[in-house]
Amino acid sequence: MSEQEKTAVATEAGGAVSQEQLTQNIFRSYNYVGTKETLAYLFNDFSNSFNIGGYSERFVLDVVKIDFGISAIVGLFTGAWDVINDTFISAIVDNTRTRLGKFRPYLVLMQIPMSLIGLLYWFLPYMFPDSAPDYMPKLIFWYLFGVITETAGTFTGIAKGGYMSTITPNPNERVRLITLAELLTGYMGEDMPGYIFGFLFDMSSTGRWNIKLRTIFMGMGVGCAVISSIFTFWFFLVTKERVPQRIERPDLKTSFRAIFTNYPMLLMCLSSFLGGFGIGTSQQNYWIDIFGGDHMINTAKALVSGISGPVGSISYAFVKPLRKRFSAKAIWVGSDIYGDMVSLGFFLVGITNNNYLKLKPMLTAYGFTEFFSKLLFGVNKVINADLWNQAMDYCEWKTGFRMEATTSVAQGLILKAQGIIMGSIQRLVMKKIGYVQGLKIGTQDPSTKFWLFFLSTVVPLVTSGLGIVPKFLWPMSRKFTAKMYYELSERRNAMVSGYVGTVDGAEEVPESK
């Protein structure tokens, strides 16, 4: 059966569409993505997490050392450029029509150059060794490098976001791929760089191993970047876009209409915007700056977290029954409330009897936090990706065009503008609480340690709390979603048939097998 035939859904001639047909359309499984592409999809997901990104803030605080005050000011200007370039880059991507597809050219052609340029990031401490946080040549290079990589990364980021939603037109197969990838990549070792780096970081920071942090960052950073880039490039080469795009390019009016009539995406954007007012710091900073000087804290956390590791895998088994039993809105809202309650419990343990300064009670609390968080780990991973894909399909259903790039950038513009301001505030807050960059790990002032705990737990929980409100307004019920995908399948089939019919001799083309 051809992909065109798979997209079509049989209807009763001239009759109304029954609820049974709608249900079959959305829940029937047609496999468009073959074994080779599925394997590539898994390795691409693996490559997304195969890094030491969890320690990126420590790279800036302990190794590169960028002055908080200067960073807050310059960040406003670099962020403004980020917002500006997103606007015209999204228009370029959404108006792209090639034999390779709409998104794939940017992904295939830019992956290798971007990877090579990105390797310079890890060599920065060698280019400006032991320099002060306000050393001007280092600051100039840091921010120019950021502008260049961000601009190029915008092309690949926008393209990849749209590409992932067009691999298959079947929403169920999309969920299957997401679930399969999130479940299996953990066993493939995607988290190993974080565990290995955490151990090496502990050995260095506690004096057990006489090696500089910059050496560890450079070795692990470059190694992970090369490996992940190879898998990502392979994924772009062997997969393809399957959701048909209209040959006609959308005009400016249509682009704006696609944004402002996409109610699901507006709600997702509003939720992220309200949640973006969260003020805080990484919990990684709390653990390292309070316990890292005397304890192998990252290694200890990895061992404690590993106890509940199987729970994270089991949680993927909850995805299918929960999606059948509850609406997307109920799962979205429920998982948010559940996560907040788990985080609040960790804070309450820490604030009781100043436990936040005591290793054993906090590691115990961390273990329980990890266990309860992983109960819904799989659900959160799948539902968030699925909601984005549903919003993109809603745009096509509403306007006739898929505006992945423009929509994602419109959302990103608001969040980036907010992020520019909030990022500067975060840096000033770190300066205000007395955080000193470059100090021996574990020797920050006691009042600074107190604020690090608050800023990594209850403060972001409270300041981002309004982000849950738009989730209660999610409009896509199960019945509506089934109807939408039924109509989309027929429209796509009719569109492809219409284009084929305009080709000379189309009636002589043999039927696909």
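The bend at a residue is taken as the angle between two helix axes, one fitted to the seven residues ending there and the other to the seven starting there. In this predicted model, helix α5 shows a kink of about 30° by that criterion, and the kink is centred on G75. Helix α5 comprises 27 residues, running from 68 to 94. The distance from its first C-alpha to its last is 37 Å, close to the 39 Å expected at 1.5 Å a residue.

A nonpolar patch of about 560 Å² is present on the surface. Its members are Y263, L266, I337, M341, F472 and L473. Two helices, α13 (263–275) and α18 (328–351), each contribute at least two residues to the patch. I337, one of the patch residues, is located in α18. The relative accessibility of I337 is 39%, so this residue is classed as partly exposed, a category that lies between the limits of 20% and 50%.

In contrast to I337, F59 is buried, because its relative accessible area of 0% falls under the 20% limit. F59 belongs to helix α4, which covers residues 56–64. The C-alpha atoms of F59 and P125 are separated by 9.5 Å in space, while the two residues stand 66 residues apart in sequence.

The number of disulfides in the structure is zero. Among the cysteines, C224 has a relative accessible area of 6% and is therefore buried. C395 likewise counts as buried, with a relative accessibility of 1%.

Key. Residues are numbered from 1 along each chain as its sequence is written. This is a predicted model: local features need pLDDT of at least 70, side-chain atom pairs count only at pLDDT 80 or more; totals for chains, interfaces and linings use all residues. Side-chain values use heavy atoms; hydrogens and water are left out. Helices (H or I, at least four residues) and strands (E, at least two) are DSSP runs, numbered from the N terminus. The expected span of a helix is 1.5 Å times one less than its number of residues. Patches are made of residues with over 30% relative accessible area and no salt bridge: like charges are joined within 9 Å, nonpolar side chains (Val, Leu, Ile, Met, Phe, Trp, Tyr) within 5 Å. Accessible areas come from the Shrake-Rupley method with a 1.4 Å probe; for residues, only the protein chains shown count as cover. A salt bridge is a side-chain nitrogen of Lys or Arg within 4 Å of a carboxyl oxygen of Asp or Glu. Buried means under 20% relative accessible area, exposed over 50%, partly exposed in between (1.4 Å probe, protein chains only). A disulfide is a pair of cysteine sulfur atoms within 2.5 Å.
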